[in-house]
Amino acid sequence: MIAPVMKMTKSANPLYRWETRHKLIGLLAIVFSFAFIRDPLLLPPMLAVALAVYLYSRLPLTYYWSRVRLPGIFLLVLALILPFGAGSTILARLGPLEMKLEGLQAVLLISVKFLSIYALMLVLFAGTPPYKLAGSLRKMGLPALLTEMIVFTDRYIYQLAGDLRRTQVAAGLRGFSGRSLTALKTLAYIVGTLLVRSHDQSERVFQAMTLRGYGREQAVFNVDQPVFGDRLALAFALLVALTFILLQHIFF
Amino acid sequence: MHIPDGIIPVSVALGGYAAAGGMTWLSLATIKKKFKNPREIIPRASLLTAVFFIAALIHIPVPPTSVHLILSGLVGVILGWFAFPAILVGLFFQAVMFQHGGLTTLGVNACLMGIPALLAGALFRLRALSGAKSRVFDAVLAFTGSFLAIAAGAFIAAMLLTYTVPAPLGAAAERTAIISLGVAHLPVALLEGVFTVLLVLFLWRVKPELLEMEEK
């Protein structure tokens with residue numbers, strides 16, 4: 001799921017060598033500053049910053065397109081509804097429908113914000129494996145229980161995805177097509193079987209882990225130490241974020 | 001039922017993070033009180049979180065299309081107080097792996113799925129009234145909890161989307177939007193209710209202790 005992207009981004013690109021905590025804070029600050037924007041005049045600079053970061057990350061544009069398509073459907077629905085449902089200034093009449101200025105502006109604002117934040121989200125997660133994110137979040141104060149849940153879940157997801165695939169193949173070989181509502185019972189049993197198997201496995205895993213010392217000491221998460229370049233990049237990212245917030249509040 | 005980035009105002013997004021933080025704290029504090037060694041339960045809770053994450057990828061046919069399940073009610077039924085952290089972790093992985101759901105809206109999404117999940121879990125714990133011995137009572141509680149979890153989540157999402165969209169909708173359009181979103185989620189809520197009942201009855205026969213994780 002994430003492995004091909006990780007390979008793709010294993011390069012000398014500084015964005016992927018940026019220490020995870022600094023990268024998280026820096027990119028999240030920019031993301032939230034984008035969320036602050038309400039004025040259409042700030043949309044082009046926002047899009048430019050997102051595009052610059054994305055291009056600098058050297059992630060292919062095809063990757064962006066392949067990822068944005070599904071959540072983009074939600075955007076498409078809004079784009080069809082808002083121009084005709086929101087606002088009061090009528091721009092054009094299409095039969096019984098009235099296209100309104102405020103609705104169109106809202107669609108533009110939402111779309112550009114969504115697409116820009118999405119680009120930064122791809123950059124943030126494409127080059128950072130979940131266990132690294134979890135370790136960094138722990139260092140930043142995330143409760144230990146939650147951090148351990150993230151690390152364990154990361155460990156199990158791939159294994160369970162394989163289990164599910166094998167179960168579905170086996171069900172298919174027995175003639176299960178899953179194309180009608182009557183498949184619900186079989187699908188519930190497949191998930192039930194997965195739950196039972198996982199539960200039994202979790203008992204064995206816990207016993208094995210306890211034997212190896214799990215639970216006696218707090219879990220340790222190794223994180224990279226930041227260097228001057230990491231701090232400089234963070235300062236730059238915070239400056240960009242602050243600029244957007246100030247521009248929104250002072251000038252618009 | 002995910003609210004993507006860019007739609008809700010930043011004040012609501014930050015409020016969502018604050019509420020999610022509060023709910024996580026409450027869940028973890030309760031877990032620490034309930035279990036002598038909460039770390040004992042982490043591998044199991046994580047494995048079950050992963051199961052729910054994977055199960056939500058299964059598409060259920062609803063001719064002429066198909067839907068994927070949300071399973072927040074089921075998470076509440078099986079995981080109890082672990083439901084909120086589990087949903088938070090699940091949403092985190094959806095964002096990391098598939099970029100679904102949004103970054104700024106992670107807190108809001110966690111609340112609109114996690115709080116109804118906790119309520120579904122609390123409702124299912126009422127099975128103790130029958131001594132946890134009635135399959136029919138368990139099925140009714142599972143269906144009600146799961147149905148309401150989706151319905152409540154969809155209602156909160158509809159309210160948030162309608163009242164925070166950056167353009168005035170007008171009273172009639174707001175009402176239509178909320179009703180439309182609610183009606184659109186009705187089949188999913190019904191499916192989830194039936195799915196949860198089928199699964200609870202399966203566990204009743206095969207592994208009843210999975211329905212009693214919190215009572216352990």
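## Two helices that cross

The axis of a helix is here a line fitted to its C-alpha atoms over the stretch in contact, and the angle between two axes runs from 0 to 180 degrees between their N-to-C directions. In this predicted model, the axes of helix α3 (residues 20-36) of chain A and helix α7 (residues 130-139) of chain A come within 9 Å and cross at roughly 80 degrees. Since angles of 65 to 115 degrees count as roughly perpendicular, α3(A) and α7(A) are therefore roughly perpendicular to each other.

On the side of α3(A), the contact is made by A:Thr20, A:Arg21 and A:Leu24, while α7(A) contributes A:Lys132, A:Leu133, A:Ser136, A:Leu137 and A:Lys139. Sorted by character, the residues of this contact comprise three nonpolar, two polar and three charged.

## A cavity

Rolling a probe the size of a water molecule over the atoms shows where empty space is left. In this model the count comes to one cavity of 30 Å³ or more, and the largest cavity holds about 40 Å³ of space.

Its lining is formed by A:Glu19, A:Thr20, A:Lys132, A:Ser136, A:Asn222, A:Val223 and A:Asp224. Among these, A:Thr20, A:Lys132 and A:Ser136 also take part in the contact between α3(A) and α7(A). The lining of the largest cavity divides into one nonpolar, three polar and three charged residues.

## A pocket lined by both chains

The second largest pocket contains about 550 Å³ of space, and of the 23 residues that line this pocket, the closest to its centre are A:Leu137, A:Leu142, B:Tyr17, B:Phe92 and B:Leu106. A:Leu137 also belongs to the α7(A) side of the helix contact described above.

Several helices each supply at least two residues of the pocket lining, namely α3, α7 and α8 (144-173) of chain A together with α1 (10-34), α4 (83-98) and α5 (106-124) of chain B. As for its character, the lining consists of 18 nonpolar and five polar residues, with no charged residues.

## Confidence in the prediction

For chain A the average pLDDT is 84, with 92% of the residues scoring at least 70, and for chain B the mean pLDDT is 85, with 94% of the residues reaching 70 or more. For the complex, the predictor gives an ipTM of 0.84 and a pTM of 0.87.

Within chain A the confidence varies between elements: helix α1 (residues 3-8) of chain A has the lowest mean pLDDT, 51, whereas helix α4 (residues 43-57) of chain A has the highest, 94.

Note on methods
Residues numbered from 1 in each chain as written. Chains lettered and ligands numbered in written order. Predicted model: local features only at pLDDT ≥ 70, side-chain atom pairs only at ≥ 80, totals over all residues. Heavy atoms only, no water. pLDDT = per-residue confidence, 0-100. Helix = DSSP H or I, 4+ residues; strand = E, 2+ residues; numbered from the N terminus. Parallel < 35°, antiparallel > 145°, perpendicular 65-115°, else oblique. Contact = heavy atoms within 4.5 Å. Nonpolar A, V, L, I, M, F, W, Y, C, P; charged D, E, K, R; others polar. 1 Å grid on protein atoms, 1.4 Å probe; cavity = no way out; pocket = protein on both sides within 12 Å on 5 of 7 lines; lining within 4 Å. Points joined across faces, edges and corners; volume = space filled by probe spheres on them.
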